[in-house]
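Trainee: I've got a model open and I'd like to learn how to read it. Could you walk me through it, feature by feature?

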Amino acid sequence: MKILVTNNTLGGLGGSETYAYTLIKELHGRDDIEVHAFSPQIGLIGSKLKNIGVNVVNKPDSSYDLILASHTSTIPYIKSIKGFKVQTCHGVYPALEQPYGGLDGYVSISNEVYNHLKNKRIDSTIIHNGIDCERFKITHPINKELKSVLSLSHSDLLNNMLRSVCVKHGVKLICLNKYTNPIFNVEDAINEVDMVVTLGRGAYESMACGRNVMILDKRPYINKPPIGDGILTELNIENSLKNNCSGRFSNRVFGEKEIEEEIIKYDYTLGEFNREYALKNLNIKMQVDKYLNLKK
C-alpha cells in the first residue's frame, strides 16, 4: 500500500510535528507499506524522517492508496491527487484544524473535536493521538516520595507558581520550553522526574513513561488563567481524554493553593497504571491499525 502523510510543517518540535513523525515512523516500519511524507515546510522533523529512510517529498506523486492529511494548509496540495483522502483534526480552536470539505473521511483526536465536527455536519472517527511506546517507556522507576517535577509549559506565570510550590515542598523543578530549550529526545527528560505537568501529547508521552501526570497549563489562545484537570488517575483519565487531556473537561482554575493540593496527591503506584493505560489505549501500533481500517 502506498500512503502519503501531510502536515503543515515538518520543522520544529511541536505536538503536530511529533504526531506526524510518530505516525510516519510506524507506517514506514511495516513491510507492506510505502510511505511518503509531505509538508510545505520541511526542517528538523523532515530531516529525521529522511535519516530513518522515509521518502520526504517536495511534491506528492499523482496517486496514492491512502492520503492522511493534517491541517487545512496541506489540503490544496492533495485535492487533485488520486487516493482515499482523510483529514485528521487535532483541535477545535486553530484555523488550521478546521475540517476541509469534500474529503473521503475525517478523524477527530478526541470527543471534543468529534462534537465540534458534528456541529458542522461532518461525521468523523475518533482516533486518539498515538504514542511510540517502545520509545516512550520506563527507563528509570519513579520514587515512592515525590522528588522532582518536569514542567512542559511555556507559561512563565504557571512555571513561577510551580516553582514556589516545589520550593515549599523541597521538590526539584525542571522547566522545558520547546521555544527556548527544545530537545528531540524529550523521553530522557521525562524519565528523570517523578511527575510531569503538561497537556495533550505531553501527557500521553509521560503516561507511557510511567510518570505521575498533572494536566495543567496556561495557553495563549485561551484568555483564562491556568486551567487543568489535576493529577490523572483511574477516576478521571477517561473524562480528561474526552478533551485531549487539555484541561478543558473540568476547566478548573489553578493558583498556588490548587497546585499544592495536587502535588500532595502524588502516588508512585500511578506510574504503573499510566504505563498500562498508554499501552492499551494510546499505542501508535493500535492507532495506525485504526487509520488503515478507514479505507476498508
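Mentor: We'll start with the whole chain, then go to the cores, one helix and a few single residues.

Mentor: First, the ground rules: this is a predicted model, where local features need pLDDT of at least 70, side-chain atom pairs count only at pLDDT 80 or more, and totals for chains, interfaces and linings use all residues. Residues are numbered from 1 along each chain as its sequence is written, and side-chain values use heavy atoms, with hydrogens and water left out.

Trainee: Fine. How many helices and strands are there in the chain?

Mentor: Helices (H or I, at least four residues) and strands (E, at least two) are DSSP runs, numbered from the N terminus. The chain has 11 helices and 13 strands.

Trainee: What does the radius of gyration say about the chain?

Mentor: It is taken over C-alpha atoms, and the globule rule is 2.2 Å times the number of residues to the power 0.38. For 296 residues, a compact globule would come out near 19 Å, and the chain has 19 Å, which agrees. Along the principal axes, the C-alpha atoms fill a box of roughly 60 × 40 × 35 Å.

Trainee: And how do I read burial and surface?

Mentor: Accessible areas come from the Shrake-Rupley method with a 1.4 Å probe; for residues, only the protein chains shown count as cover. Buried means under 20% relative accessible area, exposed over 50%, and partly exposed in between (1.4 Å probe, protein chains only). Here, 56% of the 296 residues are buried. The chain's accessible surface is about 13,300 Å², with 48% of that belonging to carbon and sulfur atoms.

Trainee: What share of the contacts links residues 24 or more positions apart?

Mentor: A contact means heavy atoms within 4.5 Å. Among contacts in the chain with a separation of 6 or more, 61% are between residues 24 or more positions apart.

Trainee: Now the interior. Which residues touch the most other members of the largest nonpolar core?

Mentor: In soluble globular proteins, nonpolar side chains tend to be buried together. A nonpolar core is a set of buried Ala, Val, Leu, Ile, Met, Phe, Trp, Tyr and Cys residues joined through side-chain atoms within 4.5 Å. The largest one here has 26 residues, and Leu-150 and Cys-245 touch the most other members. At least two residues each come from α6 (186-190), α7 (200-208), β11 (212-217), α8 (237-242) and α10 (269-281). With 4 residues, α7 gives the most to this core.

Trainee: What does Cys-245 touch, leaving out residues up to four places away in sequence?

Mentor: Its contacts are Leu-199, Gly-200, Ala-203, Tyr-204, Ile-215, Leu-232, Ile-237 and Ser-240. There's also a second, separate core of 25 residues, including Ile-3, Leu-49, Val-86 and Val-288.

Trainee: Back to α7: how many of its residues are buried?

Mentor: An α-helix has 3.6 residues a turn, so residues three or four places apart point the same way. In α7, 9 of the 9 residues are buried, so this helix is largely enclosed by the rest of the structure. Among them are Arg-201 and Glu-205, alongside Gly-200 and Met-207. The buried residues of α7 pack against α1 (15-28), α6, β10 (195-198), β11, α8 and α10. Just after α7, Gly-210 takes a positive phi of about 75 degrees.

Trainee: Which residue other than glycine has a positive phi near 65 degrees?

Mentor: That's Arg-121, in the loop between α4 (111-119) and β7 (125-126). Arg-121 counts as exposed because its relative accessibility is 81%. Asn-251 also has a positive phi, about 50 degrees, and it is not a glycine. Asn-251 lies in the loop between α8 and β13 and is partly exposed at 33% relative accessibility.

Trainee: What about Val-253: where is it placed?

Mentor: Val-253 is in strand β13 (residues 252-253), and a relative accessible area of 46% makes it partly exposed. Leaving out residues up to four places away in sequence, Val-253 touches Pro-225, Pro-226, Ile-227 and Glu-258. Val-253 and Asp-229 are 24 residues apart in sequence, with their C-alpha atoms 9.1 Å apart.

Trainee: And Asp-32, buried or exposed?

Mentor: Asp-32 is exposed, at 55% relative accessibility, in the loop between α1 and β2 (34-38). Its C-alpha is 8.7 Å from that of Lys-2, which is 30 residues apart from Asp-32 along the chain.
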